[in-house]
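Work through the exercises below with the model open. Each task is followed by a stepwise solution.

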Amino acid sequence: MSNLHSGFSAVVTGGNSGIGRATAERLLLEGAQVLVVDQHSEPTWTHNAMSYLQTDVADAASADLIIQQVIKNTGRLDYLVNNAGMVGGESVETMEFEIWQRIIDVNLNAVLRLSKAAIPHLKVSPRGRIVNIGSIMSQLAGSGMAAYTASKHAIAGLTKTLALELGPHKVTANYIQPGAIVTGITAPAISHDPTFTTFWEGKSALGRLGQPKDIANAINFLLTDDADFITAHGLTVDGGVMVNP
C-alpha cells in the first residue's frame with residue numbers, strides 16, 4: 001500500500017464487520033490510525049494502529065464518547081465514516097412506530113449527532129472528511145422499507161447540507177450509494193431467498209453482487225487528496241444496477 005493516510009486519524013462506525021471492517025482495514029493498510037466503533041464485542045481481528053469502542057451509536061451519549069475517545073487516542077480527527085446502519089420494518093400500514101424510530105435513530109440521528117460532535121475537530125484538520133453511507137434507496141423506494149428508505153433519502157440531504165456548511169473550512173462531505181453488497185445485512189436474504197442473488201446479479205452490468213471491499217475502495221478514494229474538489233456528492237457503487245431498469 002501507499003500510506004495515503006499516514007498521520008491521519010479516522011473513526012469508522014459499524015466497523016466490526018462488512019463494509020465498516022473492510023473500510024477500517026483499508027485505512028489501516030494505508031497508514032491511518034482508526035477507531036473502530038461497533039455495538040458488538042471487541043473484534044478478533046486487530047492492528048497496532050487500531051483501537052476499539054463498543055457502543056450503540058443510537059445512544060444519545062455515544063457521539064461525545066466516540067469523539068472523546070479518538071482525541072484521547074490520537075489527539076486529532078481527520079476522517080469520519082458514518083457506516084453503522086440497519087434495515088427492517090414492514091409496510092407503513094402495519095409498522096409499529098418503535099421500529100420506525102429505531103431505524104431512524106441508527107441510520108440518521110446517530111449520523112447527525114456524530115457529525116456535529118466531530119465538526120470542531122474536522123475544521124482544524126488539513127484534510128477534514130465526512131463520508132456517510134446512503135444506499136441506492138437514496139434515490140429509489142422499496143415496498144416494506146419505509147423507514148430505511150426515508151433514512152437514506154435523509155442522509156443524502158444531510159450530507160449536502162454538511163458540504164455547504166463545512167466547505168468554507170475546506171472540509172468535504174460525501175455519501176456512498178451502495179447497491180446489493182454481500183454483508184451481514186444481506187446475508188439472510190442471500191441464504192434464504194435464491195432469487196435475491198439472481199435478481200441483483202441480473203440487474204448488475206458487471207453480473208455480480210458487490211463485496212465490502214468495493215465500497216471500502218470508494219470510501220478510501222473520497223478520503224484522499226485526489227478527491228479534494230469532490231463534495232456534496234452521492235457516489236453510486238452498484239455495479240451498474242441503476243442503469244438497468
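**Exercise 1: the enclosed space**

The largest cavity holds about 40 Å³ of space. This is a predicted model, in which local features need pLDDT of at least 70, side-chain atom pairs count only at pLDDT 80 or more, and totals for chains, interfaces and linings use all residues. Residues are numbered from 1 along each chain as its sequence is written, and side-chain values use heavy atoms, with hydrogens and water left out.

Task: find which residues line the largest cavity, and which class each belongs to.

Solution.
- Step 1. A cavity is a set of points on a 1 Å grid over the protein atoms alone where a 1.4 Å probe fits but cannot get out; lining residues have an atom within 4 Å of a point.
- Step 2. The lining consists of Thr13, Val57, Asn82, Asn83, Ala84, Val106, Ala110, Val111 and Leu114.
- Step 3. H3 gives the most, four residues.
- Step 4. Six lining residues are nonpolar, three polar and none charged. (Ala, Val, Leu, Ile, Met, Phe, Trp, Tyr, Cys and Pro count as nonpolar, Asp, Glu, Lys and Arg as charged, the others, Gly among them, as polar.)

**Exercise 2: H3 against H4**

Task: describe how helix H3 (residues 97–123) packs on helix H4 (residues 146–166).

Solution.
- Step 1. The axes lie 9 Å apart, at an angle of about 15°.
- Step 2. That angle makes H3 roughly parallel to H4 (under 35 degrees; 65 to 115 is roughly perpendicular, over 145 roughly antiparallel, the rest oblique).
- Step 3. H3 passes H4 in a right-handed crossing (the near helix is turned clockwise from the far one by less than a right angle).
- Step 4. Contact (heavy atoms within 4.5 Å) involves residues including Trp100, Leu108 and Lys123 of H3 and Tyr148, Ile155 and Leu166 of H4.
- Step 5. The contact residues of H3 with H4 divide into 16 nonpolar, three polar and two charged.

**Exercise 3: H1 against H7**

Task: state whether H1 is oblique or roughly parallel to H7, and list the residues where H1 and H7 meet.

Solution.
- Step 1. The axes of H1 and helix H7 (residues 212–222) come within 8 Å and cross at roughly 50°.
- Step 2. That makes H1 oblique to H7.
- Step 3. The crossing of H1 past H7 is right-handed.
- Step 4. Gly18, Ile19, Ala22, Thr23, Arg26 and Leu27 of H1 meet Pro212, Lys213, Ile215, Ala216, Asn217, Ile219 and Asn220 of H7.
- Step 5. These contact residues divide into seven nonpolar, four polar and two charged.

Terms used. Axes fitted to C-alpha atoms, helices over the stretch in contact; angles between N-to-C directions. Helix = DSSP H or I, 4+ residues; strand = E, 2+ residues; numbered from the N terminus. 1 Å grid on protein atoms, 1.4 Å probe; cavity = no way out; pocket = protein on both sides within 12 Å on 5 of 7 lines; lining within 4 Å. Points joined across faces, edges and corners; volume = space filled by probe spheres on them.
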